[in-house]
Amino acid sequence: MGKLARLELFNFKSYKGHQTIHLGDSYFTSIIGPNGSGKSNSMDAISFVLGIKSSHLRSAHLRDLIYRGRKLREPAEGGGEDENTQREDPTTAWVMAVYIDDNATEHRWKRSINPAGSSEYRINDKQVTAAQYNKALEDQNILIKARNFLVFQGDVEAIASQSPTDLTRLIEQISGSLECKAEYEKLQIEQEKAADASTFNLNRRRGINAEIKQYQEQKKEAESYQAKMQERDEAIVTHILWKLFHFQQTMEKNKSEIEKHQHELKEFRRAHEKYALRLEEAKTEQAKATKSVSKHERNIKKKEKELEEKETSLVPVDEKINIAASQLKKYSSRVKEITRDQDHQAATVESLEKDLVVVQKAQTKFEKEQKKAAEETGIALSDVDLAEYNKLKERVSTRVASEQINIDNYNRDIKTDSETVTSLSSKVEATKWQLSKLEGEVADLKERREEMKATVAQIAQEIDAKKREYNAMTSDRLRNAQKHKELNEKLQDCLVKLLEADDGRRQSEREIKVKETIISLKRIFPGVKGRISELCKPKMKKYGEAVSTVLGRHFDAVVVDNEKTAKECIEYLRDQRAGQATFLPLETIQVKALNSNLKGMHRGMRMAIDTIEFDNSVERAMLYACGNAVVCDDLGVAKYICYEKGLEVKAVTLDGTVIHKGGLMTGGHVGGGKGRRWEDQEVEALKRLKENLSTQIAALPKNRRGPQEEALQGELTGLEQRLSYNRDELKHLERTLASKQSRSMTSRLNLRNSRSWYRRQKIISLPTFAHDLGLTVSEHTRSNREACSKRHSRRGSSSLPKSANSRVSLPSRGGD
């Protein structure tokens, strides 16, 4: 706000010459003094320099404002005085006001009275017209016609004593609207005509605006979606570039490593050639070693076979006892057979011995007869014949001796084969017994394996069932824990919001009483809708203070459906002595049509009705309460709407500053305003949400492992240990079973080989010996017969019979 710094006067009324009145640095200055000291003239000087007509300055003409005075008489010569006086009054006067505006800029406004009796105007020592002078004053909000800068003496009393009509006329005159009365009335008629059309258009436009708003929201969503898609694409590109960058780095790193490895590869290849030669030499040595290894492997196999035979013989004592018992039975029967054979052979030997005695007697007798016959016939063997005879005898003895040796060898072979057969028989029996034992063990192991598999499968099923139960319990617990966490977070958020809403906010007893009264009215009278502050809510939090200011005295007004309900509510309040309240009947309130021209006038301005949310059933009450008031983002926008555009609307800024229709401005801050009361519904909703969340949290089970879950975990651990043990046992059984089956197959193979060898030895050994022995005897007999035939043929006769020669050539069974 600007201020008047000083006032300079020249020959104005009672001020002669050039006078300066300093008004100080204060925005409020009082001028006091006795009557006739010039107080009123100073007020006239201010009015004069600010463009007030002379008729309002207690003068008929401007010349009357010029200083008038007397000149003193000059003394005459000789000490006398001239009786005539001479008036020399000034013909011009001026007043200059020095004004400092809000920007600390100094303005010099000067108004002069020329000798012709007219006014001259100057601004900062530059001559201007009266219109330009008035325009400069209006720029500083100094209105000459409205005279809004001075209150003259008697104005307050005159205004107070005026009738309402005169007072209205005065206000219109002061505001400058009187000059526009005719045009205003004409425009009002036109406005009323246009109101009906605008109401229809407003409703139509409101629907279109709703559609536009919906389309705008959809557009915003589409733009947001496109932006998110673009961000996603950019993120994908960035990610791919990041991967390509790292791939490039990896490729460069690998390239350097490849070059390094290639260089190393060359070195290795040179070393490889050297080692290749060594490899050839080593292969040669390996071939030699392979031969040696093959030889040793054959030896090893031979030793292994011997070892298997020895392992077979190393049967446990019980097995040996059983085998020995069975062999003892066999040997006992064999002994009986051998005893019978021995008796038979003894009888045969005895018979042969008797035959031998007979043959020896016959030989002795034959020799005696031969000798006697020779003596009688005179035929005697010559020395040559005797020699040949002895030679033949020696030959026969020699051949008989060799045959006897063969017989002894055959006897020994028979004995060896008998022992071999006996050993093979025992080995076959041992192998049979071992095979039967192995087959029993294999069957037992297979049975145990199947049982173990069934046990493992059953334990695995139990583990799966327990795991499913345990996982279900764990998932329930984790889900409850997650829900508990989410509810706690929501509860904490709710508590924080409650603390923020309750920051310095306390409800007075009167407000609590009013709330209780409204609740009672709603309960008793169904037509009561509620208070304006309860039925609407700012669309955004920043509009809270502005909307509270716009609603003003209607903030706590109660909306009812009709006038009858309002009267009944008033009667109830009077009977209950519950105070007073303003009621807005929806049926009878007069709602003016909204000025549609205000919408979209400035991007920082919007209609107050568009900043609140409400139900359509109370739309008339909201239109009545808000009217054509607008909400501006700041004071600059409000000034632009009210001053520059000249619109007669109530403009409210977001911080609560108001520019009224007449240009009056109200601002500042008062603690505990109505803005906080918008949060009542939110606070109540937050309290209900808090109680609901607390109830849900209390209903949830405790977030810890219960005894059933711990028992399940213990059972699972025990089952898993059992399963691991049984699986290990099953593997051990399978290994043992495989070993036993391998041993069983080896035993079957050994048994098959032993049986074939045993049968072959048992069938071949004795017939071969008998065949060889018979062949030897027959050859010996045939040779003896041939020798005797030659001798007899040479002698001409035979002195020995065939039977005798045959008997002599047979060897005895017992040896010589």
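**Figure 1. Helix H1, residues 39-49, in its surroundings.** In this predicted model, eight of the 11 residues of helix H1 are buried, so the helix is largely enclosed by the rest of the structure. Look for Asn41, Ser42, Asp44 and Ala45, then Ile46, Ser47, Phe48 and Val49: these are the buried residues of H1.

**Figure 2. What covers helix H1.** The cover over the buried residues of H1 includes four strands, S1 (3-12), S2 (15-22), S3 (93-100) and S4 (106-113), along with helix H2 (130-139). While you are here, follow the chain past the end of the helix: H1 is followed by Gly51, which has a positive phi, near 95°.

**Figure 3. A nonpolar patch on the surface.** Here we turn to another part of the chain. Ile236, Val237, Ile240, Leu241, Leu244, Phe247 and Met251 make up a nonpolar surface patch, and together they have about 670 Å² of accessible area.

**Figure 4. Met251, one member of the patch.** Met251 sits in helix H5, which spans residues 181-313. Met251 counts as exposed because its relative accessible area is 52%, with the cut-off for exposed set at over 50%.

**Figure 5. The whole chain, for context.** The close-ups above come from a chain with 16 helices and 16 strands. Of its 816 residues, 26% are buried. Among contacts with a separation of 6 or more, 66% are between residues 24 or more positions apart. The accessible surface of the chain is about 56,900 Å², and carbon and sulfur atoms account for 52% of that surface.

Terms used. Residues are numbered from 1 along each chain as its sequence is written. This is a predicted model: local features need pLDDT of at least 70, side-chain atom pairs count only at pLDDT 80 or more; totals for chains, interfaces and linings use all residues. Side-chain values use heavy atoms; hydrogens and water are left out. Patches are made of residues with over 30% relative accessible area and no salt bridge: like charges are joined within 9 Å, nonpolar side chains (Val, Leu, Ile, Met, Phe, Trp, Tyr) within 5 Å. Accessible areas come from the Shrake-Rupley method with a 1.4 Å probe; for residues, only the protein chains shown count as cover. A salt bridge is a side-chain nitrogen of Lys or Arg within 4 Å of a carboxyl oxygen of Asp or Glu. Helices (H or I, at least four residues) and strands (E, at least two) are DSSP runs, numbered from the N terminus. Buried means under 20% relative accessible area, exposed over 50%, partly exposed in between (1.4 Å probe, protein chains only). Contact means heavy atoms within 4.5 Å.
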